[in-house]
Amino acid sequence: MNSMTFNEPTVVTVNFYLRSISKIDDYKMEYSVQLTFREQWLDERLKFNDFNGKIKYLTLTDAARVWMPDLFFSNEKEGHFHNIIMPNVYIRIFPYGSVLYSIRISLTLSCPMNLKLYPLDRQVCSLRMASYGWTTNDLVFLWKDGDPVQVVKNLHLPRFTLENCLKVDLLFKREFSYYLIQIYIPCCMLVIVSWVSFWLDQSAVPARVSLGVTTLLTMATQTSGINASLPPVSYTKAIDVWTGVCLTFVFGALLEFALVNYASRSDMHRENMKKQRAACEALDHGPDPGDLMEDGNTTFPMVRQCEIHMQQSRPNCCKTWLSKFPTRSKRIDVISRITFPLVFALFNLIYWSTYLFREEAEDS
């Protein structure tokens with residue numbers, strides 16, 4: 001016979017003390033906690049005489065001697081009790097039949113995460129409890145009145161901050177400083193290093209090619225290392241946008257050199273054509289007697305194969321500034337020195353504005 005034979009359901013009050021959170025695993029989407037878990041209920045069959053207050057309570061260590069609620073953690077993956085030096089469990093029975101059960105346990109619990117804002121995200125990890133065999137008609141679990149969830153004061157997590165406890169939902173905010181130092185700043189440095197190519201001479205082909213390929217490979221390695229520490233998900237994360245754009249900028253710097261190299265060869269060809277035209281122009285000051293051909297009484301100059309076409313344009317500040325650089329390849333480098341940093345700065349403005357404001361909107 002147990003306490004479930006009464007008409008009214010047995011009410012079990014629950015509270016726990018969160019001792020530590022040892023791990024939050026993004027890849028496996030789980031977290032590990034250690035807590036002191038307590039349950040209290042009334043079993044009138046266990047009433048006893050306290051001899052006018054001389055006996056405060058009785059202590060048991062064998063849970064098989066009394067009826068126990070069949071509570072379990074529904075999102076538990078692994079769990080174990082602590083038995084060093086003695087089993088960390090006790091059962092106290094009070095004179096009026098109240099039973100207090102306390103135990104220290106370690107749990108690994110599943111925590112489905114939404115990583116769209118990673119690493120600017122906040123994650124809510126739940127601790128779900130339920131009865132294994134009884135319905136609410138027989139057994140009801142309620143939170144103990146007055147601070148049922150207590151957290152150790154010096155709780156510290158390497159990459160997260162415990163912001164709040166909502167029911168038994170633990171709200172974790174990811175520590176951004178770690179990712180700023182390990183991911184964002186190195187990626188910015190790689191993108192900036194790739195711009196050094198714009199300041200090198202266009203004839204320094206080995207230097208510019210090696211610089212572009214090295215930064216591209218380093219950026220690709222950085223991206224693969226970041227993705228290796230995260231689960232494969234179908235949606236795009238904030239870190240994917242960042243690394244993808246940075247990789248595009250590094251690749252664009254390499255393509256810019258290919259364009260400069262093509263333009264420099266075109267400039268050489270144009271320079272040769274100018275020399276030929278200059279030679280033709282020098283010969284075209286007036287007709288030479290040897291260039292005159294006679295056709296009866298008519299003389300006319302020999303038709304030449306060189307023609308000079310002059311085109312006048314309106315003065316423009318940009319054209320005037322670009323005219324300081326005589327070759328197209330040099331102009332491409334000069335324009336890239338300005339456009340690449342400006343576009344990257346614009347991307348940073350849009351990126352941080354979008355994800356920081358979205359994070360605040362989701363919190364509210």
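This report walks through the fold, the charged pairs, the aromatic rings and some backbone details of one predicted protein model.

## About the model

Because the model is predicted, local features need pLDDT of at least 70 and side-chain atom pairs count only at pLDDT 80 or more, while totals for chains, interfaces and linings use all residues. Residues are numbered from 1 along each chain as its sequence is written, and side-chain values use heavy atoms, with hydrogens and water left out.

## Overall picture

The protein chain contains 5 helices and 15 strands. Both are DSSP runs numbered from the N terminus: helices are H or I with at least four residues, and strands are E with at least two. Of its 364 residues, 34% count as buried. Here buried means under 20% relative accessible area, exposed means over 50%, and partly exposed lies in between (1.4 Å probe, protein chains only).

The accessible surface of the chain comes to about 22,900 Å², and 58% of that belongs to carbon and sulfur atoms. These areas come from the Shrake-Rupley method with a 1.4 Å probe, and for residues only the protein chains shown count as cover. Among contacts in the chain with a separation of 6 or more, 74% are between residues 24 or more positions apart; a contact means heavy atoms within 4.5 Å.

## Salt bridges

Side chains of opposite charge can pair when their charged atoms come close. A search of the whole structure turns up 8 salt bridges, each defined as a side-chain nitrogen of Lys or Arg within 4 Å of a carboxyl oxygen of Asp or Glu. E30 is a good place to start looking: its side chain meets that of K23 at 3.7 Å, N to O, and it also forms a salt bridge with K77, where the closest N and O atoms are 3.2 Å apart. K77 lies in strand 5 (residues 76-81) and E30 in strand 2 (residues 30-42), so this pair ties together parts that are 47 residues apart in sequence. K23, E30 and K77 are thus linked in a network of salt bridges.

Within that network, E30 counts as buried because its relative accessibility is 7%. K23 is partly exposed at 36%, and K77 is partly exposed at 43%. Another bridge joins D43 and R45, with the closest N and O atoms 2.7 Å apart. D43 is buried at 1% relative accessibility, whereas R45 is partly exposed at 36%.

## Aromatic rings

The structure holds 26 aromatic pairs. Rings of Phe, Tyr and Trp (its six-membered ring) pair if their centres lie within 6.5 Å; planes under 30 degrees apart count as stacked, over 60 as edge-to-face and the rest as tilted. One of the pairs is Y184 with W242, which is tilted, at 4.9 Å centre to centre and 50° between the planes. Y184 lies in helix 1 and W242 in helix 3 (residues 238-283), so the pair ties together parts that are 58 residues apart in sequence. Y184 is buried at 2% relative accessible area, and W242 is buried at 0%. Both rings belong to a cluster linked by ring pairs, whose members include F176, W195, F249 and F340.

Some rings also have a charge over the face, meaning that NZ of Lys or CZ of Arg is within 6 Å of the ring centre and within 35 degrees of the ring normal. R92 lies over Y90, at 4.3 Å from the ring centre, and K116 lies over Y235, at 5.7 Å. K116 is also 9.4 Å from V233, C-alpha to C-alpha, although the two are 117 residues apart in sequence. V233 sits in the loop between helix 2 (205-228) and helix 3.

## Backbone details in the loops

Two cis peptide bonds are worth finding in the viewer. A cis bond joins I84 and I85, with omega about 0°, and I85 is in the loop between strand 5 and strand 6 (89-93). The bond from Y118 to P119 is cis too, with omega near 5°; P119 is in the loop between strand 7 (98-110) and strand 8 (122-126).

N52 is not a glycine, yet it has a positive phi of about 60°. N52 is found in the loop between strand 2 and strand 3 (58-60) and is exposed, with a relative accessible area of 79%. D147 likewise has a positive phi, near 55°, in the loop between strand 10 (139-143) and strand 11 (149-151).
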